[in-house]
Amino acid sequence: MNPWINATVLENRKWTNNLFSLILNASISPFKAGQFTKLALYDEQQEKKIQRAYSFVNAPSDKKIEIYIVRVKNGKLSNLLYKLNSGDTILIKENASGFFILDEIPPCKKLWMFATGTAIGPYCSILEEHKNTEKYENIILVHAVRKKNELTYLSLLKKIHKKYNGKLKIQTITSREKDNNSLFGRIPFLLKNNILEKKIGLKIDAENSHVMLCGNPEMVKDTCLYLQKSRFMKKNLRRQKGQITMENYW
Ligand code: NAP
């Protein structure tokens, strides 16, 4: 049993016309950094519950719940969530779900975290929480977005970066406009052409690396296939340990 409980909207932070973060207050059970919950609202006729899964952006130790959302064209829930104001009430699951957590990832020299779009959320939670990270020598966070104004959590990530004393590297990527501080293109292209690893100064290898992939299912699939074929890495499953841990965002 995982009941729905009420959550109060404390803030609806609008980053762009399509990207926003809901800050919520609700008496949820403890969760692990990297996990997701579900949000729901009733449709306009108040008959049908519309629900979707969303990752926590906040660290588990932070009592304010933060959820990062993209408005999906014709999306039933995201367009309703976008219109919420502080004081409004929505539904949230009492218990979190998911295995995109550091407990599932064995120690290694290089932990690579790849995200597209709003899938930066679980990494913010994991890195902010700063627990279980001592088992990795280097952590490399790669965030790919269409345009630079979608790098909405970069200022938070720069603050987090300072707490890691050089162990954390952050690389941004844009694909639809050039940005002086970002690489240009898509993750699989930048891997195949050795552009990303050259910029970071570290290689992705099956012996010493683990790769987390989160976001656009096509990115997750294409990158996973490339890592399996060209870097001889295997999916990290509960029954058989490997070097690729994945989470599709839709
Ligand atoms: P996105 O399309 O996921 O783009 C984010 C980044 O991923 C872009 O740099 C994009 O490059 C790249 N990308 C796209 N396909 C890729 C692939 N096959 N391999 C590697 N990289 C790839 O856009 P977003 O702004 O984060 O998300 C917006 C859209 O996502 C929404 O409009 C909606 O269609 C979808 N979405 C749906 C749901 C849902 O529940 N149905 C939830 C969230 C998002 P390019 O610029 O080259 O495409």
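A pocket here is an open set of grid points where a 1.4 Å probe fits, with protein on both sides within 12 Å along at least five of seven lines. A molecule sits in a pocket if more than half of its atoms lie within 2 Å of its grid points. In this predicted model, the ligand sits in the largest pocket.

Now look at what lines the ligand's surroundings. The elements that give two or more residues to the shell are strand 8 (136-145) and helix 6 (217-231). Helix 6 gives the most, with 3 residues.

The whole shell holds 16 residues. Arg146, Ser175, Arg176, Arg186 and Asn216 are the closest. Sorted by class, the shell has 7 nonpolar, 4 polar and 5 charged residues.

Next, the polar contacts. Start with Arg186. An N or O atom of its side chain lies 2.8 Å from an oxygen atom of the ligand. Asn216 also faces a ligand oxygen atom, with a polar side-chain atom 3.0 Å away. Asp222 pairs with a nitrogen atom instead: an N or O atom of the Asp222 side chain is 3.3 Å from a nitrogen atom of the ligand.

How much of the ligand does the protein bury? Taken alone, the ligand exposes 900 Å², and the protein buries 78% of that.

Finally, turn to residues 2-103. An unreviewed UniProt entry places the feature "domain: FAD-binding FR-type" there. Over this stretch the chain is 42% strand and 7% helix. The C-alpha atoms at its ends are 22 Å apart.

How values were computed:
Residues are numbered from 1 along each chain as its sequence is written. This is a predicted model: local features need pLDDT of at least 70, side-chain atom pairs count only at pLDDT 80 or more; totals for chains, interfaces and linings use all residues. Side-chain values use heavy atoms; hydrogens and water are left out. A residue is near a molecule or strand if one of its heavy atoms lies within 4 Å of it. A polar contact is a pair of N or O atoms within 3.5 Å; within protein, one must be able to donate a hydrogen and the other to accept it, and residues adjacent in sequence count only if both atoms are side-chain atoms. Accessible areas come from the Shrake-Rupley method with a 1.4 Å probe; for residues, only the protein chains shown count as cover. On a 1 Å grid over the protein atoms alone, a cavity is a set of points where a 1.4 Å probe fits but cannot get out, and a pocket is an open set with protein on both sides within 12 Å along at least five of seven lines; lining residues have an atom within 4 Å of a point. Helices (H or I, at least four residues) and strands (E, at least two) are DSSP runs, numbered from the N terminus. Ala, Val, Leu, Ile, Met, Phe, Trp, Tyr, Cys and Pro count as nonpolar, Asp, Glu, Lys and Arg as charged, and the others, Gly among them, as polar. UniProt positions are given in the numbering used here, feature names are shortened, and annotations may be inferred rather than shown by experiment.
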